[in-house]
Amino acid sequence: SWGGCMELTQNITTGFSVSEDNCILYKTKFLVKEGSTEYITTSDYVYFGDRYQTVEPMKHGAYIGVSGVARKVKKIYVGVNGAARKVKKAYIGVGGVARLCFSGGGEVVYSGELTPYPKTTSYVSAVNFNKKLLCVGGVSPLNTVIYGYSNSLTLEEMIPKLSVERYKTINISTENHCFISGGNRSGSIMSNALDVLDVSFVATASELSTAKSDHAAVRVGNYVLFCGGYINSSKMTNTIDCFDDSSLVRTNPFTLNTAGACFGASLEECAILSEWISSGVYHCYRIDSSLTHTFQTLDKGGAMNTLGRYAVIRCNNSNTIIAVDSSFTLLNMPESSFTFSNTRNNVTNVLEGNLMITNGQVSTSVESYDELFTKKMLQDAPYTKNRCATGVVGDYALFIAGISTTSSSSYTNTVFHYGIL
């Protein structure tokens, strides 16, 4: 059967993958027998002499008949306590599994520039917490300041400060806390500082077990994990620091198989990590809420984002994008228009179920992928931008400060944003 063939030989580098409905895909297109429109599934058998071709996937969405013509539904509202509430997502049951059938996030559009950031800087980090987009640290000079954007895009300097001045921190938030972890004191000196904010924005200083930079931060169950990374400019670590979100007690439940720079994404049921080991060798981990973990070795990997129920990996030195679901199944997404020569140069943001990817310092082009993996180009950004803070607050995705040219010291204070139409 095709399913048996995929189990024995599946390798994402060949272009084959399996959809969530057990259909066979080749380079994101469905496989059919020549002359047929019926998708090949994992239960179909391979016969000698069969010829195959690929077809584009059918368009997804919700439609309603108007004067005999199918019109795509763009917005749905339901009444809640006498008020109209916008439906963001709708699901339908298929084979006992909830499948996304409507995403009402609207279209992502360029929305203009905002008042310049208070500092001309780079390596600012951003995280959404308690209706604020918090912007942390930065270089030139190092600082401890935390700024916050509100849903109305008003910027204010927050009362708490970082316990240690640093830049390139890795941040993550839960309903209860915001964790600002690690980062750099200089190009070769990393930090083990951990600043934890509660919902009243009161800060508590804590520590990681070792200095960390270029590490991953993920949440799973009641835990927040800080995984791998560099402890100095030439040495990496395989440690995992696990913090209980209630008690803030740190444990080290297990280690990565190998020390390496790490990227992560958090899904509802688990967390996914992509760890760089060496050229062309990556470890991909799945960690569940009991901290049980499995991994597989891949020849591709890179920076990650959460897009709906998928962890999306932008693969280094290629234009390949891989989606990983909670069952640890890998799917190929449409190829990017950009080459991820250094994934941290391609700035990303996720707004209302749309993954936005810029071309970093190369051009002002911006592309997006929705949760059905549909790709499209957006209106260009006003500037090239790299190593800037990105994050979402309210209905807006912000791109803050950073480096605007190919010079590594050409810092900017510009801020532009995209919104939902």
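**Exercise 1. The cavity**

How many cavities of 30 Å³ or more does the structure hold? Describe the space in the largest cavity and the residues that line it.

*Solution.* The model used here is a predicted one. Step one is the count: the structure holds one cavity of 30 Å³ or more. Step two is the volume, and about 50 Å³ of space lies in the largest cavity. Step three is the lining, which includes Val-347, Thr-358, Asn-359 and Gly-360, together with Lys-385, Phe-399 and Phe-416. Step four sorts the lining residues by character, which gives five nonpolar, six polar and one charged.

**Exercise 2. Strand β39 and its partners**

Work out which strands pair with β39, and describe how β39 is covered.

*Solution.* Begin with β38, residues 389–393, which runs antiparallel to β39 and is joined to β39 by five bridges. Within this pairing, Val-392 stands opposite Ala-397 of β39. The hairpin of β38 and β39 has two residues between the strands, and Gly-394 in this hairpin takes a positive phi near 60°. Next, turn to β40, residues 411–420, which is joined to β39 by seven bridges and also runs antiparallel to β39. Here the bridge partner of Ile-403 is Tyr-411 in β40. Finally, consider burial: β39 spans residues 396–403 and is mostly covered, since seven of its eight residues are buried.

**Exercise 3. Aromatic pairs**

Classify the pairs Phe-30 with Tyr-39 and Phe-179 with Phe-243, and state for each residue whether it is buried or exposed.

*Solution.* A pair of aromatic rings is described by the distance of the centres and the angle of the planes. The structure holds 14 aromatic pairs. One of them is formed by Phe-30 and Tyr-39, with 4.0 Å from centre to centre and 5° between the planes, and this pair is stacked. Both Phe-30 and Tyr-39 are buried. For Phe-179 and Phe-243, the ring centres are 6.5 Å apart and the planes stand at 50°, so this pair is tilted. The pair links distant parts of the chain, with Phe-179 in strand β17 (residues 177–181) and Phe-243 in strand β24 (residues 240–244), 64 residues apart. Phe-179 has a relative accessible area of 0% and is therefore buried, and Phe-243, at 1%, is likewise buried.

**Exercise 4. An aromatic cluster**

Which residues form one aromatic cluster with Tyr-110? Trace the cluster back to the cavity of the first exercise.

*Solution.* Tyr-110 forms one aromatic cluster with Phe-399, Phe-416 and Tyr-418. Comparing these members with the cavity lining shows that Phe-399 and Phe-416 also line the largest cavity.

How values were computed
Residues numbered from 1 in each chain as written. Predicted model: local features only at pLDDT ≥ 70, side-chain atom pairs only at ≥ 80, totals over all residues. Heavy atoms only, no water. 1 Å grid on protein atoms, 1.4 Å probe; cavity = no way out; pocket = protein on both sides within 12 Å on 5 of 7 lines; lining within 4 Å. Points joined across faces, edges and corners; volume = space filled by probe spheres on them. Nonpolar A, V, L, I, M, F, W, Y, C, P; charged D, E, K, R; others polar. Buried < 20%, exposed > 50% of the residue type's maximum accessible area, 1.4 Å probe, protein only. Helix = DSSP H or I, 4+ residues; strand = E, 2+ residues; numbered from the N terminus. Pairing = 2+ DSSP bridges. Phe/Tyr/Trp six-rings, centres within 6.5 Å; stacked < 30°, edge-to-face > 60°.
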